[in-house]
Amino acid sequence: MSRSWERQVRKNSEKMYKQRQKNGAGQTNKPGEPDEFKGRNLILPSVLIILTVVYGFMFQFSQEQSTTLYWITIVLYLLLALMIFFKRPYLKVAKDHLITTKWNRVKVLYAKDIKKIHLTKGSVQIEPAKKGSNWVFVRLTNRFDTDAMAERLIQFAQQQKVEYEQTN
């Protein structure tokens, strides 16, 4: 495609995006923005809250006086649980790359670096060609919409000629 044609397409799609937004046609991405699939981490915050409650009960039944450090520990456990709960895991599918966070770092995986995409009923697994662990997105643990994610990843795989395997 020539550059002038690309500019014209981008300009028209931006106009259409603004018009759809004014008409309230639902949430759509701006042209050129990646599709984002957000999950919710429930397991680790729940475990932290349970540990906080257990720690509180253990201290209440002990013979020692309540100290400031005891209350600071309980408050910090609760703050950590809230922080993890509100920091949502995500997968962004762009034109030629995928983006997510692993261990609080943004990771980017380009289409040429993807070996295979495995799609099953409740999970999506992306296997990198180079060293590194697989990217796994599961409905059960992180509440991802894996069906919509799988549809978008199939489109991505077909456009970028990446091998994918879909099992039910």
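How many nonpolar, polar and charged residues make up the lining of the largest pocket? I took this as the opening query on the model, which is a predicted one.

**Entry 1: the pocket.** I looked up the lining by class and found 9 nonpolar, 5 polar and 3 charged residues. The lining comprises 17 residues in total. I noted those that lie nearest the centre of the largest pocket: N41, T101, K102, W103 and N104. For the volume of this pocket I recorded about 650 Å³. I then asked which elements give two or more residues to the lining. They are α3 (68–86), β3 and β7 (135–138).

**Entry 2: the antiparallel sheet.** I turned next to the sheet that contains β3. It is an open sheet of 4 strands in the order β1-β2-β3-β4, and its pairing is antiparallel. Strands β1 (35–38) and β4 (105–110) form the edges, each pairing on one side only. Direction ignored, I found that neighbouring strands here are turned by 20 degrees against each other on average.

**Entry 3: the pairs around β3.** I followed β3, residues 97–102, to its partners. With β4 it shares 6 bridges, and the two strands run antiparallel. With β2 the number of bridges is 3, again in the antiparallel sense. Which residue of β4 is the bridge partner of I99? I found V108 in that position. On the side of β2, K92 stands opposite I99. I99 of β3 is therefore a point at which I could read both pairings, and I kept in mind that side chains in a regular strand alternate between the two faces of the sheet.

**Entry 4: the two hairpins.** I checked the connections on either side of β3. β2 and β3 form a hairpin with 3 residues between them. The hairpin of β3 and β4 has 2 residues between the strands. In the turn of the latter I noted a positive phi of about 55 degrees at W103. W103 is also one of the residues nearest the centre of the largest pocket.

**Entry 5: residue D96.** I located D96 in the loop between β2 and β3. Is D96 buried, partly exposed or exposed? I classed D96 as partly exposed because its relative accessibility is 35%, and that class lies between the limits of 20% and 50%. Beyond its neighbours within four places in sequence, D96 is in contact with Y110, A111, F156 and Q160. I looked at Q160 in particular: D96 and Q160 are 64 residues apart in sequence, yet their C-alpha atoms are 6.9 Å apart in space.

**Entry 6: the mixed sheet.** I then examined a further open sheet, whose 4 strands follow the order β7-β6-β5-β8 with mixed pairing. Its edge strands are β7 and β8 (164–166), each of which pairs on one side only. The average turn between neighbouring strands of this sheet is 10 degrees, direction ignored. I found that α5 packs on this sheet, touching β5, β6 (123–128), β7 and β8. The direction of α5 makes about 145 degrees with that of β5. Strand β5, residues 114–119, pairs with β8 in the parallel sense over 3 bridges. Within that pair I recorded E165 of β8 as the bridge partner of H118.

**Entry 7: helix α5 on the antiparallel sheet.** Which strands does α5 lie across in the sheet of Entry 2? Helix α5, residues 146–160, lies across β1, β2 (90–93) and β3. I recorded an angle of about 30 degrees between α5 and β2.

Technical notes
Residues numbered from 1 in each chain as written. Predicted model: local features only at pLDDT ≥ 70, side-chain atom pairs only at ≥ 80, totals over all residues. Heavy atoms only, no water. Pairing = 2+ DSSP bridges. Axes fitted to C-alpha atoms, helices over the stretch in contact; angles between N-to-C directions. Contact = heavy atoms within 4.5 Å. 1 Å grid on protein atoms, 1.4 Å probe; cavity = no way out; pocket = protein on both sides within 12 Å on 5 of 7 lines; lining within 4 Å. Points joined across faces, edges and corners; volume = space filled by probe spheres on them. Nonpolar A, V, L, I, M, F, W, Y, C, P; charged D, E, K, R; others polar. Buried < 20%, exposed > 50% of the residue type's maximum accessible area, 1.4 Å probe, protein only.
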